[in-house]
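Okay, let me pull this one up on the screen. I'll go through the packing, the cysteines and the rings, and you can follow along.

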Amino acid sequence: MTARTGSARAGALALIAKLAGAGLGIVVNIVLARLMGPESFGLYALGIALGTVVAVVASGGMPFGAVRFLPDYLARGDFAALRGFLRASLVVTVLGGALCMAAMLLSASLLDQNTLMVPVLPWAALMVVPAALAQSLASLLQARSHVAGPEIVQSLVRQGATLGLIGVWIALGGVLEFRSALGLAALAVALAALALWLHLMRLGRDEPRPAAATREGLRLWMGAGAGILVILIMAALNERVDLFVLGWLATPAELGIYSASVRIASVAILALAGLGAAYTPRIAAAWARRDRREVERLCRECALAGTALTVAMTLGAYVAGGFVLSLFGPEFRAGATVLTILLAAQVAVGAMGMASGLAVISGNSHIALTGVAIGLVVNAVTGVLLVPQLGMTGAAIGVVAGFAMSQAVIGIWCSLRLGLRATLLPIGRRVSGVGVGHA
């Protein structure tokens, strides 16, 4: 088996694990929703969203530094630097997680005690350190070309552990509500982080052990991932700001029903991520060859496939959304309209295809950063204005507005900047030749 074939198989296995984990995650959420009801389930979903976003901050950019530096250290056999980076990554993650936990606990004491955030914050804080460690450990493994294993642990083992812990808790006579559910979720994440740590230690057994680890370069290591970290933090906020707005302005029941719709709609996000994973290497290779015609063809082909996929899913939600949501419980059927709106937001993402990825590939990551930032502001402001009048429907409209604005900015700017049509929109001049150079 060639290295290229092995890499392709590992990538395919990782994608399968991600999709299977998403399916198992929906099962876990259905079990929790039926056992807890919409109110407690909404607070649980809010806690998961808070813990996930803060964990990205707690990592300090080290996961992205790993992707940048570890392959080089391994190629040069610089195991002192490799060992130094490993230690620095874990120390930064633990310290960052501890500081973030302290900030969350302090916020719980300073916020208005009547907001939904207050009872959730202390329990969401339990997730921060293990979730940040899991991210860092997974990146350390992926940087060593172990792609499938970390994804299996993060997607399947974590969700399976959560389901198993719920069963044990109920068998022991425990009462399942949002506090205990968040505690069990944090324990499941910790078990996943432990599995990743053991995997990493097994890889290190056969490597030379230097007398001392390199202690220099922390600023360099963290700085390398800082730019990408900012983009990912804003992207994570853009995906969850609707939950935060509802947690501030809506009732727990509305938050719970909305969260179930979000969970189902996430399938479309994963489907588009799968398309991106399939097209990104081909687009990057065509860009490296300076084959602009092929870049444009692949971008528009991906956009067409993404649009068709998301339109079909939106129509399916319009027809059968109520039935799908009823699996969470009879009260959750009220989220059918919200589910249709959330899936419609993904149509905008699909229509823009790989414009965001092309911006990064072409060295114009500021385009993606600006687009995500604008989308985040539009999403939040629209939600704040509409939720008091329309409830969870207002939050869903905010998502559509934010995603549409974000993707339009990225798609149009990227097409004009690079001088090609990277989306389904008739913007940018059509490429008429091959090998005409980079913009």
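First, a bit of vocabulary: when I say buried, I mean under 20% relative accessible area, with exposed being over 50% and partly exposed in between, using a 1.4 Å probe and protein chains only. By that rule Phe328 is buried, because its relative accessible area is 0%.

Before I go on, the small print. This is a predicted model, so local features need pLDDT of at least 70 and side-chain atom pairs count only at pLDDT 80 or more, while totals for chains, interfaces and linings use all residues. Residues are numbered from 1 along each chain as its sequence is written, and side-chain values use heavy atoms, with hydrogens and water left out.

Right, back to the rings. Rings of Phe, Tyr and Trp (its six-membered ring) pair if their centres lie within 6.5 Å; planes under 30 degrees apart are stacked, over 60 edge-to-face, and the rest tilted. The whole structure has four such aromatic pairs. In one of them, Phe328 and Phe332 have ring centres 5.9 Å apart and planes at 45°, so that pair is tilted. Phe332 is buried too, given its 0% relative accessibility. Both rings belong to an aromatic cluster with Phe41 and Tyr44.

Now, how many disulfides does a search of the whole structure find? Zero, where a disulfide means two cysteine sulfur atoms within 2.5 Å. Why no bond for Cys299? Because its closest cysteine sulfur, in Cys414, is 7.2 Å away, which is too far. Cys302 isn't in a disulfide either: the nearest cysteine sulfur, that of Cys299, sits 7.5 Å off. Cys299 counts as buried because its relative accessible area is 0%, and Cys302 does as well, at 4%.

On to helices, meaning DSSP runs of H or I with at least four residues (strands are E, at least two), numbered from the N terminus. H10 (residues 292-326) and H11 (residues 336-352) have axes that come within 8 Å and cross at roughly 175°. Those axes are lines fitted to C-alpha atoms over the stretch in contact, with angles from 0 to 180 degrees between N-to-C directions. So H10 and H11 are roughly antiparallel, a label that takes an angle over 145 degrees.

Last stop, Ala380, in helix H13 (residues 365-390). Skipping neighbours within four places in sequence, Ala380 is in contact (heavy atoms within 4.5 Å) with Val241 and Val245. Ala380 and Gly402 are 22 residues apart in sequence, and their C-alphas are 8.0 Å apart.

Methods. Parallel < 35°, antiparallel > 145°, perpendicular 65-115°, else oblique.
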